[in-house]
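Hello,

I am handing over the structure we spoke about. Please look through it before reading the notes underneath.

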Amino acid sequence: MEQTLVIIKPDGLRRKLVGRIIQRFEEKNLTIREMYQGVMTEEIAQEHYAHLKDKPFFANLVAYMTSGPVVFLLLEGPDAILLVRQMLGATNVLHAVPGTIRGDFACSTTENLVHASDCQENAAIEIQRFFG
Ligand code: TYD
C-alpha cells in the first residue's frame, strides 16, 4: 500500500469540479484516508513549490494557489503515487491527453486543477506538511 497527497486547486472549486475529480479516484478504487478544505497561505504555497522558485511563473503560481480554497486528500492504494500522477495527466496543458483529469478539464498550464505527489520522498514530505 502507498499513500499520496492530492490537492484540488482553487479553479477546481471555482468550477465546481470537486465531486467529479474525487469520483475518478474512487472509481479507481483508491481509498480516501483523510480529506479537508482549506486555504493555502503564501508561505505554505512558496514552500510547497520551492523547487520552482527561480521560474518566471513562480509568483503567478503562488498567487493562483492562494486565490481561494483548495481540497486536500490523503489517498491510499497499491502504487498510488504513480497511479494518481498518471490519472492527473501531463503538466503542460497541450500534452495532457483526454482521459486524464487535466486532459479532460484543464484549460491552462498554471490553472490545471490538481496537484499530486510525484515520488515517495515528496509524498512523505507533503503528507507531513498538510496532514502531519
Ligand atoms: P511541476 O511541479 O513542474 O508540475 P506538476 O504539477 O505536474 O507536478 O509544476 C508545478 C505547477 O507549476 C504546475 O502544476 C503548474 C505550474 N507551472 C506553470 O504555471 N508553468 C509551467 O511552465 C510549469 C512547468 C508549471
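The notes below go from the overall fold to the ligand site.

This is a predicted model, in which local features need pLDDT of at least 70 and side-chain atom pairs count only at pLDDT 80 or more, while totals for chains, interfaces and linings use all residues. Residues are numbered from 1 along each chain as its sequence is written, and side-chain values use heavy atoms, with hydrogens and water left out.

The protein has seven helices and four strands, in the order β-α-α-β-α-α-β-α-α-β-α along the sequence. Both kinds of element are DSSP runs (helices H or I, at least four residues; strands E, at least two). Along the principal axes, the C-alpha atoms fill a box of roughly 35 × 35 × 25 Å.

Twelve residues would be too many to discuss one by one, so here is the list: Lys9, Tyr49, His51, Leu52, Phe57, Leu61, Arg85, Thr91, Arg102, Thr109, Thr110 and Asn112 surround the ligand (a heavy atom within 4 Å). This shell divides into four nonpolar, five polar and three charged residues (nonpolar: Ala, Val, Leu, Ile, Met, Phe, Trp, Tyr, Cys and Pro; charged: Asp, Glu, Lys and Arg; polar: the others, Gly among them).

Oxygen atoms of the ligand make polar contacts (N or O pairs within 3.5 Å) with three of these side chains: Thr110 at 2.6 Å, Arg85 at 2.8 Å and Lys9 at 3.0 Å. Taken alone the ligand exposes 510 Å², and the protein buries 78% of that (Shrake-Rupley areas, 1.4 Å probe).

Regards

Notes: Polar contact = N/O pair within 3.5 Å; in protein donor to acceptor, adjacent residues only side chain to side chain.
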